[in-house]
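The following exercises concern strand pairing, charged pairs, surface and aromatic contacts. Each task is followed by a solution in steps.

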Amino acid sequence: TAKGDNTYDEGIDNTAIFVSDTWEFAPTWTLNAGIRYDDHSHAGDDTTMSAGLNKKLDDDSHVYVNWSEVFRAPTTDDLFYHGEMAGMGPVNGNPDLKPETGETWTLGYATKLNEKTNFGINYFESDLEDAINWEWVRDTATGDYVGFAENVDKQKKRGLEVTLGHNFNDNVSVNASYTYLRVQDYDNGSYV
């Protein structure tokens, strides 16, 4: 039950158990694997797995591929938020949201360019069912926009991330990154 703008008197409980291990099965190869069990008071329970393979190319660089299953329960804001956004209108969570489920993949390369400079690049993608999305719709009666949380049947995300970091000294460093992201929701029989 909402207590007023931007506040609510609701809660969720989540218990999670996670086990992972790393195996160096050859001098330059490492495998990481894990399993996680979640018991969420609103979204139910689920077991997910993850695995990652890392190949050391030399002392300063490596390539990697990671895969994981997704179980992301709605947050308390996703479920119960109730408020007003200035200049827009009411914003409401959705207590009927389902958890996001699906898979994610990442393929990447990281290297140390010199003693002070690191560079990395990775491609990532995810295929989700019941993705949680905040939608804005114009209320024709009032002219205001109304914000609400909803589940999208299916969602694809694909992107590329490039990072560069440089340490000038022990106290000063700079990091820069660029991320390209494309999100497609499944609507009316096709991705849009």
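The model is predicted, and it holds 7 salt bridges. Some of these salt bridges are examined in Exercises 2 and 3 below.

**Exercise 1. Strand pairing**

Determine how strands S3 and S4 are joined, and identify the bridge partner of Ser-20 in S4.

Solution.
- Step 1: S3 covers residues 14–26 and S4 covers residues 29–40.
- Step 2: the two strands run antiparallel and are joined by 11 bridges.
- Step 3: the connection from S3 to S4 is a hairpin through 2 residues.
- Step 4: within S4, Gly-34 is the bridge partner of Ser-20.

**Exercise 2. Burial of salt-bridge partners**

For the salt bridges Asp-38 with Arg-36 and Arg-72 with Asp-78, classify each partner as buried or partly exposed.

Solution.
- Step 1: the side chains of Asp-38 and Arg-36 meet at 2.7 Å, N to O.
- Step 2: buried means under 20% relative accessible area. Asp-38 is at 4% and therefore counts as buried.
- Step 3: Arg-36 has a relative accessibility of 33%, so it counts as partly exposed.
- Step 4: the N to O distance between Arg-72 and Asp-78 is 3.8 Å.
- Step 5: Asp-78 has a relative accessible area of 7% and is buried, whereas Arg-72, at 32%, is partly exposed.

In general terms, side chains of opposite charge can pair when their charged atoms come close.

**Exercise 3. A salt bridge between strands, and a network**

Establish which strands hold Arg-158 and Asp-127, and which residues join with Arg-72 in one network of salt bridges.

Solution.
- Step 1: Arg-158 forms a salt bridge with Asp-127, and their closest N and O atoms are 3.8 Å apart.
- Step 2: Arg-158 lies in strand S11 (residues 145–167) and Asp-127 in strand S10 (residues 117–138), so the pair ties together parts that are 31 residues apart in sequence.
- Step 3: Arg-158 is partly exposed at 24% relative accessibility, and Asp-127 is partly exposed at 33%.
- Step 4: Arg-72, Asp-78 and Glu-100 are joined into one network by salt bridges that share partners.

**Exercise 4. Nonpolar surface**

Identify the residues of the nonpolar surface patch, and place Leu-107 within the strands.

Solution.
- Step 1: the patch is made by Leu-107, Ile-121, Tyr-123, Leu-160, Tyr-178 and Tyr-180, with an area of about 570 Å².
- Step 2: at least two residues of the patch come from each of S10 and strand S12 (173–187).
- Step 3: Leu-107 belongs to strand S9 (residues 100–114). With a relative accessible area of 52%, Leu-107 is exposed.

**Exercise 5. Contacts of aromatic rings**

How is the aromatic pair of Trp-67 and Trp-105 arranged, and which residue lies over the face of Tyr-186?

Solution.
- Step 1: the count of aromatic pairs comes to 2. One of them is formed by Trp-67 and Trp-105, at 6.5 Å centre to centre with 50° between the planes.
- Step 2: planes under 30 degrees apart count as stacked and those over 60 as edge-to-face; the pair of Trp-67 and Trp-105 is tilted.
- Step 3: Trp-67 lies in strand S6 (residues 61–72) and Trp-105 in strand S9, and the pair links these distant parts of the chain, 38 residues apart.
- Step 4: Trp-105 is partly exposed, with 41% relative accessibility.
- Step 5: Lys-154 lies over the face of Tyr-186, at 5.4 Å from the ring centre.

Technical notes. Residues numbered from 1 in each chain as written. Predicted model: local features only at pLDDT ≥ 70, side-chain atom pairs only at ≥ 80, totals over all residues. Heavy atoms only, no water. Pairing = 2+ DSSP bridges. Helix = DSSP H or I, 4+ residues; strand = E, 2+ residues; numbered from the N terminus. Salt bridge = Lys/Arg side-chain N within 4 Å of Asp/Glu carboxyl O. Buried < 20%, exposed > 50% of the residue type's maximum accessible area, 1.4 Å probe, protein only. Patch = residues over 30% accessible without salt bridge, like charges linked within 9 Å, V, L, I, M, F, W, Y side chains within 5 Å. Areas by Shrake-Rupley, 256 points an atom, 1.4 Å probe, with all protein chains shown as cover. Phe/Tyr/Trp six-rings, centres within 6.5 Å; stacked < 30°, edge-to-face > 60°. Lys NZ or Arg CZ within 6 Å of the ring centre and 35° of its normal.
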